[in-house]
Amino acid sequence: MDRQQKIIEMFDTISPTYDRLNRILSLGIDKGWRRRACHTALKTYGKSAALLLDVASGTGDLVLYWNRASKKLNLPIDHVICVDPSVKMLEIARRKVSFAEFLVNEASAIEVADGTADLISIGYGIRNVVEIDRAISEFFRLLKPGGVLLILEFMQREKQSFVDKLMRIYISKVLPSIGRAISKDERAYTYLPESIAAFLTKEALVEKLQNAGFEIVEARDETFAISTSFIARKPQ
Ligand SMILES: C[S@@+](CC[C@H](N)C(=O)[O-])C[C@H]1O[C@@H](n2cnc3c(N)ncnc32)[C@H](O)[C@@H]1O
């Protein structure tokens, strides 16, 4: 089995405990990051949207924040598609999200027509995509001119601050032991620190987005740069 298939299979395995563990391990701080990012991305788009694609949607958390932002800004999002290659993660999403459609696809090959999406998001998912350049080109293909891409991710850091060192201890020591106890699957929570360490820096992801043709609206670090939000636009 190749690396990508192993990652997808791991998410299938941890799907029943994913939401509970996430809530415990993130200490709830991701809620503010998600709320602000969806709000800012929709405000950046500035009009109602016919189609939102939430890629690597998992158990569907991010679309709930899009829904709230849409109500708050009074900018309707007519159609939402949650895209993820893990059938079991999407099964949980189906139970939580009543207003979306679900599509079992990888980010690098999404079966949706060119230039039809107003908004695309990928929350804490792009790190899992082995063919990242293909996925970024796919996002560009799918968006309408002027369409907005939102990426939330834990990035690798070139210089390690004191907080980074504390986070590293939390992620590599504390988090795997809690993860192991609750999900009984050690791989998933040793995978998290490993995948962050092997992932891109903020600057490298910005460069990839620009090379694909995107204009960067923001690349913003949140809470001591634990999480980073990227908002990019396909030029008109
Ligand atoms: C950490 S979860 C994030 C879930 C959700 N977006 C959130 O904000 O909580 C990562 C998701 O990426 C998905 N994934 C793994 N490989 C992928 C790929 N090649 N393309 C798209 N999604 C992928 C996994 O199945 C999993 O549901």
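Buried residues, meaning those under 20% relative accessible area, with exposed over 50% and partly exposed in between (1.4 Å probe, protein chains only), make up 50% of the 236 residues in the protein chain. I should say at once that this is a predicted model, in which local features need pLDDT of at least 70 and side-chain atom pairs count only at pLDDT 80 or more, while totals for chains, interfaces and linings use all residues. Residues are numbered from 1 along each chain as its sequence is written, and side-chain values use heavy atoms, with hydrogens and water left out.

Let me turn to the overall form. The chain holds eight helices and seven strands, which are DSSP runs (helices H or I, at least four residues; strands E, at least two) numbered from the N terminus. Along the principal axes, its C-alpha atoms fill a box of roughly 45 × 40 × 35 Å.

Now to the surface, where patches are made of residues with over 30% relative accessible area and no salt bridge, like charges being joined within 9 Å and nonpolar side chains (Val, Leu, Ile, Met, Phe, Trp, Tyr) within 5 Å; a salt bridge is a side-chain nitrogen of Lys or Arg within 4 Å of a carboxyl oxygen of Asp or Glu.

Arg-23, Lys-31, Arg-35, Arg-68 and Lys-72 form a positive patch, to which helix H2 (30-45) and helix H3 (61-73) each give two or more residues. Lys-31 lies in helix H2 and counts as partly exposed because its relative accessibility is 40%.

Phe-162, Leu-166 and Ile-169 make a nonpolar surface patch of about 350 Å². Phe-162 is found in helix H6 (residues 162-183), and its 64% relative accessibility is why Phe-162 counts as exposed.

Terms used:
Accessible areas come from the Shrake-Rupley method with a 1.4 Å probe; for residues, only the protein chains shown count as cover. Lys and Arg count as positive and Asp and Glu as negative; His and the chain ends are not counted. The place of a charge is taken as NZ of Lys, CZ of Arg, CG of Asp or CD of Glu.
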